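Here is a short tour for anyone opening this structure for the first time. Keep the view open while you read.

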Amino acid sequence: MPREDQEVRAKRLKKIVVAFQTTYPAAHCELDHRSPLELLIATILSAQCTDKRVNIVTRELFKKYRSAADYANAPRAELEEAIKTTGFFRNKTKNIQACCRKLVEHHGGGVPRTMDELTQLDGVGRKTANVVLGNAFGTNVGVVVDTHVARLSHRLGLTNRNTPEKIEQDLMALVPQKQWTLFSHWLIWHGRRRCAARRPDCANCEIQKLCPRIGVKP
């Protein structure tokens with residue numbers, strides 16, 4: 001694929017979006033949740049862990065702990081045991097309890113609705129905040145950049161930058177704001193269902209003609 005300027009890349013992206021809309025009309029966040037608090041906890045647990053494993057753990061976790069106060073006041077060892085299989089459970093327990101104490105003390109036990117307030121919580125960076133804002137509150141403040149989004153953004157030639165913050169800036173400049181949350185879902189779904197890291201299914205790919213296949217071995 002020839003070298004692109006920003007305008008040409010944006011036109012190609014529009015075609016990719018149309019293909020994703022057709023291919024993944026039901027794309028959504030695959031972390032099971034029924035409230036902003038549940039999504040916040042699940043997203044913290046998802047660090048270095050699969051959504052599938054997190055959903056197995058939260059199935060029982062959300063029955064036992066129903067409020068921010070429940071997490072804040074839980075015996076640490078008990079909470080550690082409950083989330084142990086998600087990995088890094090000691091650090092996650094520390095962050096969840098500190099986060100929930102701030103929710104109780106500063107937000108009446110509720111989850112705040114702004115990027116600044118969310119990122120002041122323990123264990124919450126911009127990615128986690130974007131997940132909560134976009135999926136719990138329907139607010140497109142930014143683009144979630146996880147491993148799938150970063151990988152496919154490079155493979156599709158949408159960015160050549162390496163940090164999540166820089167990748168997010170490039171995607172925000174290309175993708176219409178109203179589609180920021182959906183676009184991350186589309187990339188994640190495509191990465192899981194078609195475009196694997198080592199063996200992408202290029203022969204059956206819905207956007208094959210729109211992809212420069214950067215980093216894919218012949």
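## Thr-128 and its neighbours

Start with Thr-128, and bear in mind that everything here comes from a predicted model. Leaving aside residues up to four places away in sequence, Thr-128 touches Leu-40, Thr-43 and Gly-123. You'll find Thr-128 in helix α8. Is it buried or exposed? Thr-128 has a relative accessibility of 8%, below the 20% cut-off, so it counts as buried.

## The largest pocket

One of those contacts, Thr-43, also turns up at the largest pocket. That pocket has a volume of about 700 Å³. It has 33 lining residues, and Thr-43, Ser-46, Ala-47, Lys-127 and Asp-146 are the ones nearest its centre. The elements giving two or more residues to this lining are α2, α6 (89–107), α8 (126–136), α9 (147–155) and α11.

Which helix gives the largest share of the lining? That's α11, with five residues. Sorted by class, the pocket lining has 15 polar, twelve nonpolar and six charged residues.

## The cavity

How many cavities of 30 Å³ or more are there? The count comes to one, and about 110 Å³ of space lies inside. There are 14 residues lining this cavity, with His-190, Cys-195, Cys-202, Cys-205 and Cys-211 closest to its centre. By class, the cavity lining has eight nonpolar, four charged and two polar residues.

## Helix α3 and its bend

Now look at α3, which covers residues 51–64. This helix has 14 residues, and the distance from its first C-alpha to its last is 20 Å, close to the 20 Å expected at 1.5 Å a residue. Where does α3 bend? Look at Thr-58, where the bend is about 35 degrees.

Thr-58 is also one of the buried residues of α3. The others on that list are Asp-51, Val-54, Asn-55, Val-57, Leu-61 and Phe-62. What do these buried residues pack against? Their partners are α2 (36–45), α4 (68–73), α5 (76–83) and α11 (180–193).

## Glu-4, at the start of the chain

Glu-4 sits in the segment before α1 (6–23). With a relative accessible area of 16%, under the 20% cut-off, Glu-4 is therefore buried.

What does Glu-4 touch, not counting residues up to four places away in sequence? Its contacts are Arg-9, Arg-12 and Gly-157. Glu-4 and Leu-158 are 154 residues apart along the chain, yet 9.9 Å separates their C-alpha atoms.

## Two positive phi values

Most residues other than glycine have a negative phi. Gln-48 goes the other way, with a phi near 55 degrees. Gln-48 belongs to the loop between α2 and α3, and it is exposed because its relative accessible area of 70% is over the 50% cut-off.

Arg-213 likewise has a positive phi, near 55 degrees. Arg-213 comes in the segment after α11. Its relative accessible area is 36%, between the 20% and 50% cut-offs, so Arg-213 counts as partly exposed.

Definitions and conventions. Residues numbered from 1 in each chain as written. Predicted model: local features only at pLDDT ≥ 70, side-chain atom pairs only at ≥ 80, totals over all residues. Heavy atoms only, no water. Helix = DSSP H or I, 4+ residues; strand = E, 2+ residues; numbered from the N terminus. Expected span 1.5 Å × (residues − 1). Bend = angle between axes of the 7 residues up to and from the residue. Buried < 20%, exposed > 50% of the residue type's maximum accessible area, 1.4 Å probe, protein only. Contact = heavy atoms within 4.5 Å. 1 Å grid on protein atoms, 1.4 Å probe; cavity = no way out; pocket = protein on both sides within 12 Å on 5 of 7 lines; lining within 4 Å. Points joined across faces, edges and corners; volume = space filled by probe spheres on them. Nonpolar A, V, L, I, M, F, W, Y, C, P; charged D, E, K, R; others polar.
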